[in-house]
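User: I am new to this structure and would like a guided reading of it. Please begin with a single place in the chain and work outward from there.

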Amino acid sequence: MAEVFLEAKGVSKTFVGVKALDNVDLTIGKGEIHCLIGENGSGKSTLIKVIGGVYRADSGSVKIEGRELHEHGMQTIETIRAGVQIIYQDLSLFPNLTVAENISINQMLESNQQTVNWKTIQESARKALDEIGEEIDLNERVENLSMAKKQIIAISRALTQNAKLIIMDEATSAITKEEVDHLFSIIMKLKERGISILFVSHKLSEVFEISENITILKDGKQIGVYPTSELDNDKLVYLMTGRELEYAPYIYNKKLAEETPLLSVEGLNKERQFHDINFNLQKGEILGITGLIGSGRTEVAQALFGLNKPDSGTIKMHGKAVDIKKPEDAINNGIALLPEERHGQGLFEEQSIGDNIVITILKSLLVKLGLLSQFKRKKAGDNWIEKLSIKTPTGDNPVNSLSGGNQQRVVLAKWLATEPDVFILDGPTIGIDIGSKHTIHEIIRDLAEKGMGIIMISDEIQEILDNCNRVLLMSNGRIIKEVEDSTTTTADELFDIVTRSYEEEAGA
Amino acid sequence: MNLKSLFKKNETYLLLIVIVFSIVITTINPVFMTWENMFDLLRSSSGTAVLAIGIFVVLLSGGIDVSCTAIAICGQYIAINVLIASGVDNIAVAFLISIGVGLALGAINAVFISIFNLPTLITTLGTSSLFHGALLEWFGTKAINVGNIPDSIKVFGKMNILTFTRPDGTQYGLSVFFLILVIIVVLTWFLLKYTMIGRGIYAIGGNREAAKRCGYNIRKIQFFTYMYAGLLAGVMGVMHLSLIRYSNPNYIVGSELSVIAAVVLGGTRISGGTGTITGTLIGVALITILEKNLVLIGLSSYWQQFFIGVIIILGVTITYAQNKINERKGLRAA
Ligand SMILES: Nc1ncnc2c1ncn2[C@@H]1O[C@H](COP(=O)(O)OP(=O)(O)OP(=O)(O)O)[C@@H](O)[C@H]1O
Ligand SMILES: [Mg+2]
């Protein structure tokens, strides 16, 4: 291997009741693109925070270019000055500050200046955004931006520094394929300049595309370092999870269908978002909706859940038209939505995991006199923790002690607990590791088999094909194709249709 | 700045309220809209504004300081006692002592908040009682009358930077307090906008964990914030003294809620990270006009408390509603 840039040796870190890291080694060479992968809660973010000086390791050392870090207590600025820029999983942006300041802040701090030059801030922010080819209003406050834009800003911030190592902890989970491609081309350029990258993602296709070497973590232990060329998808999954995952297509049990469909959507319209949306959903179906970002699929989902008022059209549940103005109306009519953007959304971070799960079903836990049954509450919480294998020693721990992917599962559990008739899942497995993805898919199928109607929205055409019996393709706000039986088509075929129609529109 | 962004600002609406309010008062009492009355309002409210700016800075950093008023009275009462005991008759010395006390007490707040990591509300509630109790115990409870107040302080209270003569030959003018306020406003504005420590105050108010990860020295910023608030409280203590030419160790304490109300009314978010000095000043103006003029338009002074309550609730509701709207927007933007 080339010259070593960063070397972590024997790093261990225990939180109350959890051994997050157990004697982990990690070596990154100069100009190397290294991937760190492992299931949710395997310790990736913890290792990154130890390198960053956010957590102090119980034992072990981190050396950069041969010099040991954090010898005299942890200090984040020490890591930054050693040339390491980290994009943390939670992005660590300042919601109250402008885009420009968020991007430039690291640079200002690193140079140890005492005063602020607003012209430089604007200029370097503009330069950073130009470099990754994005246009975002520099004076907008970050709190008003979407998750994808926030990730772009966190990435730009890391790029403005003349860093020698850039660490990206799931920084690509919300951005489009195009943006990821562009980011990868930048990463390749950085590599030529001798800059190293540590990349964390649950999208294995990205990992295979970009990385040279892969370090695998499992339950806080490092279980191996492999050159990417020696691995393939199945092997990597096996190493990560200890299982082999297989998918059989979802076969819809037609007996579940009733004369009037569970949900019918008729002529739903909203200017500039979607047009003439018509479809039915039967009990027990898993209906997939896919299309590029901006195709209108998320907007339709939000309209069904009362977050986005359509201009015209009818929504019927069990054949009866329902009026859905706000999420409460949707919930009362048996519709639930797992939103696409759910980083911390709707979670009470400091409250216990169990309480967060049961919050949507408190009414059903009441016993005589309107009191809450503690026993029922705990049972319901524990039940979901087990079903979704949420990794925690006890459901009484606060949500913010969970790893990013495990927090996502809490959100999922919360909505599943309401036992809706129609469940809309917008990107159900974003940020969830491949093993748990499988588990979650099984839960979704199980729910459908018991008669729930499911609408699954996803970028990943493969995920849709694997799990849905019927598929709608959307582009530019319209349904452009319906595939009655998903076993009759392939991912490539659907991908072609989607991109072709997108290009046609763009050309027209 | 264009018109559209002007109408997005809280300050614009607040200013409109102040103007409408002033017009209403003027129709009832034409004296209100005279230079003389304006100068008088400025003179008597500059001290409150100085205190409000200190609280504003603390709120920005994501904390709260209810001990500012206790610090102000400590600074004032210690300064006047030292001046009388030593026989020094100099306003500058009074300011120095009071500011020194303010800095020291602010530092005590900072120790609890940044080193022991205690919640800011609880800490300052505690220190407020502690500072005031210690003052009464060690410096006594006796009020100091006009006769015993050193001349330099009384002269300072009457000093004007602009003087006008009325037709009958008597004079009125713009008080030196206004100058102090202007200096503090400019200084604070500069600190917040053009220094790294000022940006740090915004940063820790917006996302403290992120500020730490970026490499901000949180402890340093918190010490700065609470000591700066202490310093301003010290300044206010002496301004108040030379305004009323009387010192009672039980004064000022108890007015913190209406000062905080003024700041929040000015659009500063209780949760930290957002707010402007302009907003704070307009907030103080509104509360002052309210306090001074309710009686004038024939309402009992109990209404004042009532209105302050209404304003706080309205202010908080508006902030809350705006956040809700923004949240929804954020959910939709894709
Ligand atoms: N502050 C904390 N307090 C208690 N436990 C924690 C804390 N931070 C992490 N953990 C635990 O440490 C383990 C490792 O978490 P970590 O965040 O490193 O996982 P990860 O590999 O990044 O997972 P993901 O893919 O979900 O982001 C988890 O079991 C988590 O619950
Ligand atoms: Mg993580």
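Analyst: Ser389(A) is found in the loop between helix H12 (374-387) and H13 of chain A. Helices (H or I, at least four residues) and strands (E, at least two) are DSSP runs, numbered from the N terminus. This is a predicted model, in which local features need pLDDT of at least 70 and side-chain atom pairs count only at pLDDT 80 or more, while totals for chains, interfaces and linings use all residues. Residues are numbered from 1 along each chain as its sequence is written, chains are lettered from A and ligands numbered from 1 in the order in which they are written, and side-chain values use heavy atoms, leaving out hydrogens and water.

User: What is the phi of Ser389(A)?

Analyst: Its phi is positive, about 35°, although Ser389(A) is not a glycine. Ser389(A) counts as partly exposed, because its relative accessibility is 39%. Buried means under 20% relative accessible area, exposed over 50%, and partly exposed in between, with a 1.4 Å probe and protein chains only. Accessible areas come from the Shrake-Rupley method with a 1.4 Å probe, and for residues only the protein chains shown count as cover.

User: And Glu170(A), where does that one lie?

Analyst: Glu170(A) lies in the loop between strand E7 (165-169) and helix H6 (177-192) of chain A. Its phi is near 50°, again a positive value in a residue other than glycine. Glu170(A) is buried, with a relative accessible area of 8%.

User: Let us turn to the ligand. How many residues surround ligand 1, and which are the closest?

Analyst: There are 21 residues around ligand 1, and the closest are Lys44(A), Ser45(A), Thr46(A), Ser403(A) and Gly405(A). A residue belongs here if one of its heavy atoms lies within 4 Å of the ligand.

User: Which elements of chain A each supply at least two residues of that shell?

Analyst: Strand E2 (18-29), helix H1 (44-52) and helix H13 (404-416) each do so. In terms of domains, at least three residues come from each of domain 1 (4-241) and domain 3 (349-419) of chain A. The domain bounds come from an automatic or database domain assignment.

User: How do the residues of the shell around ligand 1 divide?

Analyst: They comprise 5 nonpolar, 13 polar and 3 charged residues. Ala, Val, Leu, Ile, Met, Phe, Trp, Tyr, Cys and Pro count as nonpolar, Asp, Glu, Lys and Arg as charged, and the others, Gly among them, as polar.

User: Where does Thr46(A) come in?

Analyst: A polar side-chain atom of Thr46(A) lies 2.5 Å from an oxygen atom of ligand 1. For Ser403(A), an N or O atom of the side chain is 2.7 Å from a ligand oxygen, and for Asn40(A) the corresponding separation is 3.0 Å. The protein covers 89% of the 640 Å² of accessible area that ligand 1 has on its own.

User: Back to H1(A): how many of its residues are buried?

Analyst: H1(A) is mostly covered, with 9 of its 9 residues buried. Among them are Lys44(A), Ser45(A) and Thr46(A), which are also among the residues closest to ligand 1. After H1(A) comes Gly53(A), whose phi is positive, near 85°.

User: Which side chains are joined by polar contacts within the protein?

Analyst: One such contact joins Thr489(A) and Glu493(A), at 3.3 Å. Another links Gln85(A) and Asn106(A), at 2.8 Å. A polar contact is a pair of N or O atoms within 3.5 Å; within protein, one must be able to donate a hydrogen and the other to accept it, and residues adjacent in sequence count only if both atoms are side-chain atoms.

User: Where is Gln85(A)?

Analyst: Gln85(A) is in strand E6 (residues 84-87) of chain A, and it is buried at 3% relative accessible area. Thr489(A) is in the loop between strand E20 (478-483) and helix H16 (491-507) of chain A; at 11% relative accessibility it counts as buried.

User: One last topic: how many disulfides does a search of the whole structure find?

Analyst: The search finds 0 over all chains. A disulfide is a pair of cysteine sulfur atoms within 2.5 Å. Cys68(B) has no such bond because the closest cysteine sulfur, in Cys74(B), is 12 Å from its own sulfur, too far for a bond. Cys68(B) is buried, with a relative accessible area of 1%.
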